[in-house]
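Please consider the structure shown below. The paragraphs that follow lead through some of its aromatic side chains and then through the contact between two chains.

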Amino acid sequence: MFNGLTPIQLYDILAAVEPVELKGLALLRRRQPRRGPTNGAGCWFPAETSSRTLAEAATEMMAYLQSCERATKRLQALRPVPLTVPVEEWPL
Amino acid sequence: MSTATDLQDASRLLVRGMKQDATLSLALVAAWLDPLWFSKVDPIDDLAGNEGDEGALTLFALGVARTCSPLLYVEAVQGLRSGWTFTQFEAAFCAGFRREFRFLPLSSIEEMIYGVPLDFSGLEQTGPEFASQHPDLAAVLDRYFDVRPVAEPRPWRDEPYAAIPEADFEAASNVARPVIRSLVAQDCQPYADLALMLLYLFSITGNSLLDYTADDYWEAGYEALYWEREHLEMAGEACREARIVLDATDRALAVLDARSDVAGALAECVAASRAALERNEPHVTFDWPIRGRSRRAGQGVQRGTGPGAGLLLVRDCYAQEN
């Protein structure tokens with residue numbers, strides 16, 4: 001039966017979560033930016049990736065960002081949990 | 001002192017460092033693949049009052065691509081990063097759009113402001129310019145349905161005014177319907193093309209792009225389609241079907257010119273339909289020549305507009321109503 005979590009336990013759980021695997025992240029790890037002088041932002045992003053592959057990665061990234069935005073809004077809408085333990089430091 | 005090469009390579013050094021941090025990697029990928037995510041500007045709001053501004057138009061087009069076509073979006077972003085001017089961006093964007101949505105006309109970003117562009121090919125059969133704009137179709141009405149422009153006295157006009165009376169056209173439409181049903185029931189070419197030609201001629205295809213002119217459509221109160229993927233697919237399909245019907249009309253007119261047996265059969269069937277209508281007979285039999293029938297739709301017709309596509313369209317959209 002679940003009796004709640006301590007903040008330390010919650011922190012440990014969240015710290016143990018693996019980073020999400022996205023196609024864009026895999027492309028970033030595998031591909032190198034352009035070498036030498038470039039104009040614009042060409043030196044920041046991986047080069048020589050097909051448009052189809054980029055489109056799939058972009059679709060996944062957009063869905064992921066929207067999912068994060070929805071999760072953020074749900075967290076913002078959570079009601080505060082009243083504490084039942086005294087926290088003497090609060091007024092300081 | 002750092003050399004120019006070292007400074008230019010500094011970005012690669014930073015990228016290498018960012019890759020080692022999960023949050024920074026995610027931020028870099030987001031900036032790479034979806035830069036519009038970080039824009040605080042609503043593309044549509046930004047466009048209001050700025051319809052001639054290239055920056056606002058670019059942002060609007062990117063917003064549309066982001067919603068409707070990730071492939072177009074990434075190509076456009078890559079192009080802008082490589083230094084495209086607005087003219088280059090507009091040309092590439094419209095070409096990419098037409099490549100993905102094959103039957104939708106788009107020649108400039110500015111025309112996107114008013115919604116999904118549509119080409120209307122509806123006929124104004126009772127207008128004074130119908131005979132001059134569509135002489136072949138006017139000839140069909142004249143030869144087979146005995147409907148032709150009637151001169152109307154308009155003393156205040158320098159030029160004579162002649163147009164098909166609406167009552168005559170309406171009567172011809174009622175005569176045509178049983179003939180069209182019979183043509184559809186033949187389930188073969190060239191009768192499928194003939195059916196589509198008559199459906200178009202009498203503006204009863206069920207496709208707004210063929211049954212309305214642009215003025216009639218907007219005056220009827222319809223609203224422009226928003227830039228959403230499902231609207232584009234729907235409009236694209238409507239445009240494809242319109243193209244099929246228009247190509248079928250050209251083929252049907254050529255058949256009527258080339259084959260006297262088919263032309264004669266059409267004339268006889270129209271006459272029989274008119275006689276049955278006058279006698280109030282619910283059933284009438286039509287005979288169509290058997291020579292030269294083709295029931296095969298052929299391979300790979302799904303994306304084409306040829307005779308096979310015409311036959312499939314008749315089977316899918318009109319045979320069921322039969």
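Does Tyr222(B) count as buried, exposed or partly exposed, and at what relative accessibility? The model is a predicted one, and in it Tyr222(B) has a relative accessibility of 39%, so this residue counts as partly exposed, the class that lies between under 20% and over 50%.

Tyr222(B) also takes part in a set of aromatic contacts. A pair of aromatic rings is described by the distance of the centres and the angle of the planes. Over all chains, the count comes to 12 aromatic pairs. In one of them, the ring centres of Tyr212(B) and Tyr217(B) are 5.9 Å apart with the planes at 80°, so this pair is edge-to-face. Tyr217(B) is buried, at 10% relative accessible area, whereas Tyr212(B), at 25%, is partly exposed. The pair of Tyr217(B) and Tyr222(B) is stacked, because the planes meet at 15°, under the 30 degrees required; the centres of these two rings lie 4.7 Å apart. Ring pairs join these three tyrosines with Phe120(B) and Trp218(B) in a cluster.

The second topic is the contact of chain B with chain A. It takes 34 residues from chain A and 28 residues from chain B. Between them the two chains bury about 2,800 Å², 75% of it on carbon and sulfur atoms. On the side of chain B, Arg12(B), Lys19(B) and Trp32(B) lose the most area to chain A, together 24% of what that side buries. Across this interface there are 0 salt bridges, and 0 residue pairs are in polar contact with both residues at pLDDT 80 or more. Helices H1 (4–19), H2 (22–33) and H5 (70–81) of chain B each give two or more residues to the side that touches chain A, with the largest share, 9 residues, coming from H2(B). The residues of that side comprise 16 nonpolar, 5 polar and 7 charged.

Notes: Residues are numbered from 1 along each chain as its sequence is written. Chains are lettered from A and ligands numbered from 1 in the order in which they are written. This is a predicted model: local features need pLDDT of at least 70, side-chain atom pairs count only at pLDDT 80 or more; totals for chains, interfaces and linings use all residues. Side-chain values use heavy atoms; hydrogens and water are left out. Contact means heavy atoms within 4.5 Å. Buried area is the accessible area (1.4 Å probe) that two parts lose on being put together, summed over both. A salt bridge is a side-chain nitrogen of Lys or Arg within 4 Å of a carboxyl oxygen of Asp or Glu. A polar contact is a pair of N or O atoms within 3.5 Å; within protein, one must be able to donate a hydrogen and the other to accept it, and residues adjacent in sequence count only if both atoms are side-chain atoms. Helices (H or I, at least four residues) and strands (E, at least two) are DSSP runs, numbered from the N terminus. Ala, Val, Leu, Ile, Met, Phe, Trp, Tyr, Cys and Pro count as nonpolar, Asp, Glu, Lys and Arg as charged, and the others, Gly among them, as polar. Rings of Phe, Tyr and Trp (its six-membered ring) pair if their centres lie within 6.5 Å; planes under 30 degrees apart count as stacked, over 60 as edge-to-face and the rest as tilted. Buried means under 20% relative accessible area, exposed over 50%, partly exposed in between (1.4 Å probe, protein chains only).
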